[in-house]
Amino acid sequence: MSARLRRYGLPAVLIVVAFLFPLVEGFLETDLMYPLIIITIYVMLALGLNIVIGFAGLLDLGFVAFYALGAYVVGWFASSQFQQVTFSFGSTATSLSGGELPGIHISFWVLLVVAGAFTALCGVIIGAPTLRLRGDYLAIVTLGFGEIIPRFFQNGNNLAGFNLTNGTIGIKAIDAPGIQFLPDSLDAWQEFGTLDLNPWYYTILVLVLITIYVNVQLRDSRLGRAWISVREDETAAAAMGINPVTTKLWAYALGAVFGGLAGAFYGAFIANIFPEAFSFNISILILCMVILGGMGSIYGVILGAVLLQGLNFYLLPQMNEWVHSIGGALGNEALSSVDLPRYNFFIFGIILVAMMLLRPEGLIPNRQRAEEFHDQDPGTGDSMGDTARA
Amino acid sequence: MTTGEATKTRSAALLDSVRASSWQSRLAVALVAVLLTLLAVEAVQAPGQFLSQLLIGLTNGAILALVALGYTLVYGIIELINFAHGDNFMIGSFVGLTVLSGTFAGLGLFGAITDDSGTLLKVAGVFIALFVAMAVCGLMNVGIERVAYKPLRNSPRLAVLITAIGMSFILQNVGLIWKGPAQIPFPQLISDNKVFGPGSILFRWNDLFVVGVTVPLLVALSYFIQRTRQGKAMRAVAQDKEAASMMGINVNRTISITFLLGGILAGASGVMYGLFNGITVFNVGFTQGLYAFTAAILGGIGNLTGAVVGGLLIGIIGAMADQCIGTRWTAIVIFAVLILVLVFRPRGLLGDRSAVQGGGE
Amino acid sequence: MDCVIRFGGGPAVDSDKGGRVGRMRSLGVLAVLGISSALLVAGCGGEAETVKIVSDLPLQGANRAQTTTMVNSIEMAIEERNGKAGGVNIAYESYDDATAQTGQWDPIKCAENAQSAAQDEEVVGWIGPFNAGCAAVEIPILNEAGLGMISPANTYIGLTKPSPDKTEPEKYYPTGERNYTRVIVADDEQGQAGALLMQDEGVKSVYILDDRNTYGQGLADQVEKSAKELGIEVIGRQGIDGSASNYRSLMNRIAQANPDAIYFGGIFVDNADQLLKDKVSAGMSNDDVLFIGPDGIFVDTLLSQAGDAAEGAYVTFGGLPESELTPEGKQFVKKYEQQHDDEVQPYTAYSYEAANVMLDAIERAAKEAGGAPDREAVLQQIFATEDYEGVLGTWSFDEDGDTTLTELSVQQVQDGAFEYQRTIDAGEM
């Protein structure tokens, strides 16, 4: 009984807290909902990357590509981007002028599935060339894809005359999700607006919970164990009958799915997609979260995401204001004009270097990984376990 | 730093490799042939423009080659992709800029050297900027190795790679804080006027400058590697670290010297980039670094000649892509080259398989 | 650089009730309290209420000098009224929509700022933003919140009027009601002005470039349209990458095409200075091949960064520079420069005007509401601005939220500074 409690107690408490949070927040009237939603999106992204790096040991430096793909799927099929076509399916968007609404407008919930499937496919396509590669080269190839795809979106407004992605301007006015058949008393849920953020929050929360559940199931499944063995010694794994090709492709596909879902939500939430938002820095930010929290450790990764994105998005600007007011009060010029958010690359860089030097297994380590990192016999390493020079 | 494969006659070896080649390599060769013919058509149609684009490509490529050498030196010796190398290049350009502005940390050392200064002052300025940048970047590279990479020499590869990424970020932020997020102009010390060239093919002073700095550096590097003891030590360590240390070579010192060399090259190319393009920005290291890395891979990682060849090739590919497909697609083309090379021929053009342990086939 | 400034009165002072007091004394104190609070209540309808206005500008990067003056001008406008409008205290907060890493506006920050203001019930008016791309993100959010906006600087036409994109401008107004206005002339006029300028200068062929962003591309589209109407040949149209290190190949190609002029639709941070430098080094001096740009590049940093290459370049501006303002405008400039160390920039007068229009609207709304007005009332009053006499002249908002002003100016770079050249009245076109 107590083992059960230990196992399920903490998650249950956390889930209850997460569900009740908006009520508390509404009562206290702090302005935390928006940052919290952004943080939760990143939790999902980190969990997705955790599958690729943490479980399967494949260093993916281009994870932002899946984020972008998910967002653009929503952008393509839930906005007026393709005005040449008029097609609507379960969408919340209506034409104010009463006529037909140009563009493709499909319900957000359907698009979640579409985005997931599409990014999974892209994950397989991106992963396929890397199968024979190990270590650094794998990382560089994924980095290459991570650079190509957003640049493609940035320049995709003139593909032999066809405007696929609307280029740097991005796709605007993306339809909001909504559950139309609800009674009018829940009108915030009929069409998610910008004033009441609770429907958004609960949606992403449910998505994250699904992600966590899938992560846990995967970790303890045959596939999860196959990942561990491929990660530790690919040759031995193959000798044991595990197909490294499909095992790795599954890792990419599953990781991509969650990246895509997070991207889809992000597109709908901000209602505008700009290709510059999907830069290499985001890939590294997510990598940082996974590393800081602990590769392969679900709690760790969640903690890493909350800490880093909380720092980046919310805490640094807040601290900036506090330092300014202290500076203003003390009459200190330097303090009142310092710009803390400027230093966030710096902080991430330091975190990466420090973590690797001091505690590479992360804050809440996955025990298996921790052992791999402090392996006394480096000769039996894998693509990532290999020492820098055998 | 290539190891020798068993020597055969050139033609016999070539025939063997053709027979043994896979369908992928044949496809690749065919593709390259098609591209070259298209280029040739273009060349014939507008020779003036083609040649001036070629020249732009070569000069950009020369700058890339120096950076690529840094990557290849380090990878050859400790099999690490020094992610921070591109940002080292960026710091080099910033240092050069600071030297030319004459003030550092609020201390005015001498008057700023600008477009209007006298020729002698300009020349002196360029040389001083180059030397200072080379020194700073070289030492910085050694420092980075000592602090971040050396402690992890026996750690899994993942750890060092991530540390390198972290260092890259730190350097970028240093650049951001130092000079801000916008592009910063370099004083135009080398004039744009043409030295010689018929019609619209302009071989300008800046092109001459790039050649004039790159070639001596390459010659010096080559001499160092091939003819000096330390160079021999580097080649030995690259081949087999343990054996080298058993031969009495101080491995740690050799590695440090390698990083020093890489840093010197990065510093020089940073200043050159700034003077040639008239501009620098805190995140230039990222893209140029990736291009240079592509060049190193294309030429054959671990192979110095390969790095230079790769650099020139990437420069030309970039210029041709600019010309024929449009500048917006150039980055995608180069990254595609990167991916294709890594997937289909990780040893590059001139590299050999032994230099690529654990990185591919 | 966020700052919160409170103008006008502070909180009411609590009287001290502590310590042991005899019943008589406590009764006395209570009596005094009762009488004084009655007096307070009777006096000015309770403590003067506070409403808040916010501005959203990119306070970092190349535009910093410009936007700092804009923030100052808004503060000046509020100070001139002693921090009140219609008996209501005015609080002001300046939002920054730029990030340190890019030195320019960031869409997530824009969205977040809009959200913040939307949720803050005290906020009844919004001044800004500076960039059209930012506006595209913010207008729908603030539209749903019913918050009135006055932009001193957005000129992209699709924000208020139909554009080549069939879904504009409706897609920015999900509620169907307008909430966005601007005090500056929009790009349909600026595009025409650009074409007219070319015609005046005898340009027969033009190569048009844009920075592929909302404002730049929109403007380039307008110029292309107007140029064709005036019979000027558009020999090429190209979008550039604003973060490229140089444009030598591009300029090489353009030089081969031999145009009479190059038009660049875009903002300065998208590398306008590098374009100029590479244009001149490709052999196209600004005398042989004119360079014309819009107000997106009308910033002093262009001159310092491009150096000699900027000499002779033309810049159109959706308004008048400070030397051409009305007498009131010139007075404003004088007053500003007396009170501040920095100089008035092109948009400063526009933000000052926007602030005053906003304050006037709040005043009218407050009078009608008999106290602190709500957003709806302020919004209505903003749109009701008619025959407003300000530093820009006498003008009104039309039903789209655009100004009825029609004058644009042309500047040329001479001896390293922007010199006013002439005024073009788009109303006469």
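**Notebook: salt bridges, a sheet and a patch**

I looked up Asp220(A) and found this residue partly exposed, at 42% relative accessibility. The model is a predicted one. Asp220(A) meets Arg219(A) in a side-chain salt bridge, 3.4 Å from N to O. Arg219(A) is partly exposed too, because its relative accessibility of 32% falls between the limits of 20% and 50%.

I then checked the total and got 19 salt bridges over all chains.

In chain C, I looked at Glu80(C) and Lys335(C), whose side chains form a salt bridge of 2.5 Å, N to O. Glu80(C) sits in helix H2 (residues 64–80) and Lys335(C) in helix H10 (residues 327–339), 255 residues apart. Glu80(C) is partly exposed at 33%, and Lys335(C) is partly exposed at 31%.

I also noted Arg81(C) with Glu363(C), a salt bridge of 3.3 Å, N to O. Arg81(C) is in the loop between H2 and strand S3 (84–85) of chain C and Glu363(C) is in helix H11 (residues 348–369), so the pair ties together parts 282 residues apart in sequence. A network of salt bridges links Asp210(C), Asp221(C), Glu224(C), Lys228(C) and Arg237(C).

Back in chain A, I traced an open sheet of 3 strands, ordered S1-S3-S2, with mixed pairing. Its edge strands are S1 (78–79) and S2 (86–89). S1(A) and S3(A) run antiparallel and are joined by 2 bridges; Ser79(A) has Ile104(A) as its bridge partner.

Last, I looked at a nonpolar surface patch of about 560 Å², whose residues include Leu10(A), Tyr299(A) and Ile364(A). H12(A) gives the largest share, 3 residues. Ile364(A) lies in the loop between helices H14 (344–358) and H15 (367–373) of chain A.

Terms used. Residues numbered from 1 in each chain as written. Chains lettered and ligands numbered in written order. Predicted model: local features only at pLDDT ≥ 70, side-chain atom pairs only at ≥ 80, totals over all residues. Heavy atoms only, no water. Pairing = 2+ DSSP bridges. Helix = DSSP H or I, 4+ residues; strand = E, 2+ residues; numbered from the N terminus. Patch = residues over 30% accessible without salt bridge, like charges linked within 9 Å, V, L, I, M, F, W, Y side chains within 5 Å. Areas by Shrake-Rupley, 256 points an atom, 1.4 Å probe, with all protein chains shown as cover. Salt bridge = Lys/Arg side-chain N within 4 Å of Asp/Glu carboxyl O. Buried < 20%, exposed > 50% of the residue type's maximum accessible area, 1.4 Å probe, protein only.
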